[in-house]
Amino acid sequence: MGLFDRIRRAFTGEDAVVKEEEVKKEDQIVIDSYDQGTAKTRRNFTDIMTNLFTSFREVDEEFYEDLEEAFIGADVGFAMTIAITDAIRDEIERTGVHKPEDVKRVLLEKMVQVYERGGQNLVSLKENPDGPTVILFVGVNGVGKTTSVGKIGYQLKQEGHKVLMAAADTFRAGAVEQLNVWGERLDIPVVTGKAQGDPAAVVYDAVKKANAEGYDYLLVDTAGRLQTKANLMEELAKIKRIIERENPNGVQEVLLALDATTGQNALIQAKQFNEATEITGLVLTKLDGTAKGGVVLSIRYELDIPVKYIGLGEKATDLKKFDAEAYMYSLVKDVLEVKH
């Protein structure tokens, strides 16, 4: 039985407790890392839901209004809040439940269903079978984009891949030096160009090197934000054209780095970048430092872009591939009072 199946059984009352012996060792390692990394978000969510159900008397319009305020307070976002509240209302009216524990079960069931919308979250990186897998990293300055390039490069190298990085963020002071530091620390080569130079020229040199020397992955750190969205689109389009000309199958992934501590502002950034270029996945940094982790749910609902990595700490190993099962478990376990 998978971790999510065990959680679902807890939601539906099939298991009053998720027994410790049912949790596989590898599950426990993942759960522990998520427990620590999502502690602030979990406390916020638990406090909000506990307050809601402490004052619970009956399911009426006041309850639904309080429920909406609770989700908004958890930074889940307006659109998802309305959708999930409507789903809860429909289910309660259909089943006629009225006890607090039954209402809580319905609430959590609908959270899971909304998160699963469209099937399982695809977190695996797409691969290029005919040459190096090229991944572009985009995001505004200060969100941890360049650091994410280094951390993902580290993880790919640990998996046995030959990795090359390209410092195409030539406009931001210190960006090239920062990526060079990561390269020296990890023994991963970095292709660079002139300060304030043409990013596309750096990418051209990097793709040539990746092809000629048989690299498995090319990770490209791009400019955070040019002066206008039109400039950003033009720059990214130029980079993509270079890659498509020189590399079979072009670009495999465009990953947007977002700072989880900014909450709903991260959703706004995701919308803006998704308009400028087709984002294939998100890297949500600094999740361990915020109580606004509900933005994970908001982004998934509104944009249907998979979260592929989340930052749960400072170390290179603390940037984790996003595990929706572990995330949902860590978020709701205190509300359910399920032990593992």
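Start at Thr277, in the loop that links α11 (264–276) to β6 (281–285). Keep in mind that this is a predicted model.

**Stop 1: Thr277.** Is this residue buried or exposed? Thr277 is buried, because its relative accessible area is 7%, under the 20% cut-off. Now show the side chain of Lys240. The side chains of Lys240 and Thr277 make a polar contact of 2.8 Å. Add Leu236 and Val254 to the selection. Leaving aside residues up to four places away in sequence, Thr277 touches Leu236, Val254 and Lys240.

**Stop 2: the sheet.** Select the strands next. Eight of them form an open sheet with mixed pairing. Read across it in this order: β3-β2-β4-β1-β5-β6-β7-β8. Which strands stand at the edges? They are β3 (190–191) and β8 (319–321). Each has a single partner strand, so one side of each lacks a neighbour in the sheet.

**Stop 3: β1 and β4.** Colour residues 133–138, strand β1, and residues 217–221, strand β4. These two strands run parallel and are joined by five bridges. For one residue pair, pick Phe137: its bridge partner in β4 is Asp221.

**Stop 4: two helices on the sheet.** Select residues 175–186 to bring up helix α8. Helix α8 lies across β2 (163–167), β3 and β4. Its direction is at about 165 degrees to β2. Then select residues 199–212, helix α9. Helix α9 also packs on the sheet, where it touches β2, β3 and β4. The angle between the directions of α9 and β2 is about 170 degrees.

Technical notes: Residues numbered from 1 in each chain as written. Predicted model: local features only at pLDDT ≥ 70, side-chain atom pairs only at ≥ 80, totals over all residues. Heavy atoms only, no water. Helix = DSSP H or I, 4+ residues; strand = E, 2+ residues; numbered from the N terminus. Buried < 20%, exposed > 50% of the residue type's maximum accessible area, 1.4 Å probe, protein only. Polar contact = N/O pair within 3.5 Å; in protein donor to acceptor, adjacent residues only side chain to side chain. Contact = heavy atoms within 4.5 Å. Pairing = 2+ DSSP bridges. Axes fitted to C-alpha atoms, helices over the stretch in contact; angles between N-to-C directions.
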